[in-house]
Amino acid sequence: MNFLAKHSAQLNGEVICPGDKSISQRIVMIASYLNADINITGFLNGNDPLSTANALNQIGAGIKINGTNVSITKREGPLASSSGAIDLGNSGTGIRLLMGFTSGLGIKATLTGDESLVKRPMKRVSIPLSEMGALVSTTPKGNPPVDILSGNLVDNFEYDMPISSAQVKSAILLAGLTANKKVTVIEKKITRDHTERMINFFGGNVDVTSEGEGRRITLHPTKLISKDHYKVAGDFSSASFLIVAGLIAKNSEILIKNVGLNKTRSGLLSVLKSMGANIQILNQKTECNEDVGDLLVKSSSLHGVEIGGAIIPNIIDEIPILSIAASCAEGKTTIKDAKELRVKESDRLEAIASGLKALNVPHYLYEDGIEISGVKEIFPSDEPIDSFGDHRIAMSFLISSLISTKDIKVLNCENIYTSFPSFFDEMNKLGLSMEKYG
Ligand code: S3P
């Protein structure tokens, strides 16, 4: 599915931010574990959370989905082993978190995914889980399918993560939760803390202390208490496409409502503000232990920045769209310490560089980052841009049409439905017209 975005649109209007992908996937897992009657609203009805919910149903969760509303009813029996392979589609979060979740439950499962997911590294999760006593195996190269057998997890397991990954941390915390064992995870740099917040929201005991630039996170075994309702916050990562669109489009002003503003996720706001962005936060509040608010975004003249170090895990999913902001910022933007981008849904550093080449935006690729020299206006080549089947790359380059002298064509946009199914409709409503082609 290829898309064409018209060039130089002006954006105006209001958008309601779609539900958070990370939170939607965590809540269906934790709610299945709670085994109680619970209604979830604001769920992201996108392919990744749907794959995770289907996976949980294969082990007996009984999740019912109706648009953005989800209901789970108290079951008779426990979650149980699955005989057939469980397909997590494109979702790295789904497979990695379920590796921990199922290992702790002591059930058997085979977890696999689409052609992108079966190339992604799983040893980062299978190694600590094995050290914890789980019986987990991957292919010799460390990829899915992942086989889980019923193991016995130790108590008081401590893991100092070699990479700062919220998926690894969450897999270990969920293994501790479902096995009812104490676990400690040390992260050298702070990563998104939705799992910790959600467990505590349901009466759990996750203790978090600062350690250097990172955190020490301990889950103490406690019986969780269910609530009848959970509301999923809007997805900051999806909002980031709208934010950058509003900033780089000429004479534009947009209001994005219900955006998740968790501090471990919304670092892009401070990066963009340091580049000169005009963004106001309105109506900030806390719901279900997560911060949310509305963002008023106005066209701004941006200038380049240098970023690296502890902010990177916070903005890891926003770097593709930040690269588009950098493309029209005055001067150079340098992004370093972001090697993790090479093992996302695509090698995102290569994918960004390849798209920028088609846009004729000067850049230099590093092993762990990229330097982009901003231009006033983009004069792209006639070649379509390859999204490498990656949702965030596809959305980023469609938005680059706002600063382009010609329409922009992007190939293989279907995976936009994994995280932001209403992207095309919302962008069209705001004024950026996009259509299928080819
Ligand atoms: C996620 C964590 C991040 C992020 C991914 C979602 C999560 O991955 O890139 O899109 O929900 O925990 P890593 O933990 O691999 O950095």
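I began with Ser22 in this predicted model, and found that a polar side-chain atom of Ser22 lies 2.7 Å from an oxygen atom of the ligand. I then looked up Asp317, where a polar side-chain atom is likewise placed 2.7 Å from a ligand oxygen atom, and Thr93, whose polar side-chain atom lies 3.4 Å from an oxygen atom of the ligand. On the computed areas, the ligand taken alone exposes 380 Å², of which the protein buries 95%.

Next I listed the surroundings: besides Ser22, Thr93 and Asp317, the residues around the ligand include Arg26, Arg124, Arg192 and Lys344, together with Ser165, Ala166, Gln167 and Ile316. Sorted by class, I have 5 charged, 4 polar and 2 nonpolar residues in this shell. I noted that helix H1 (21–34) and helix H5 (166–179) each contribute at least two residues to the shell.

Where does the ligand sit? I find the ligand in the largest pocket. Checking the domain bounds, I see that domain 1 (2–19 + 233–437) and domain 2 (21–231) both give residues to the shell around the ligand, so the ligand lies between them.

Lastly I turned to the backbone. I recorded a cis peptide bond joining Pro144 and Pro145, with omega at about 5°, and I placed Pro145 in the loop that runs between strand E8 (135–137) and strand E9 (146–149). I also recorded Asn180, a residue other than glycine with a positive phi, near 60°; Asn180 lies in the loop between H5 and strand E11 (183–187), and H5 is one of the helices that supply shell residues around the ligand.

Notes:
Residues numbered from 1 in each chain as written. Predicted model: local features only at pLDDT ≥ 70, side-chain atom pairs only at ≥ 80, totals over all residues. Heavy atoms only, no water. Near = heavy atom within 4 Å. Polar contact = N/O pair within 3.5 Å; in protein donor to acceptor, adjacent residues only side chain to side chain. Areas by Shrake-Rupley, 256 points an atom, 1.4 Å probe, with all protein chains shown as cover. 1 Å grid on protein atoms, 1.4 Å probe; cavity = no way out; pocket = protein on both sides within 12 Å on 5 of 7 lines; lining within 4 Å. Sits in = over half its atoms within 2 Å of the grid points. Helix = DSSP H or I, 4+ residues; strand = E, 2+ residues; numbered from the N terminus. Nonpolar A, V, L, I, M, F, W, Y, C, P; charged D, E, K, R; others polar. Domains from an automatic or database assignment.
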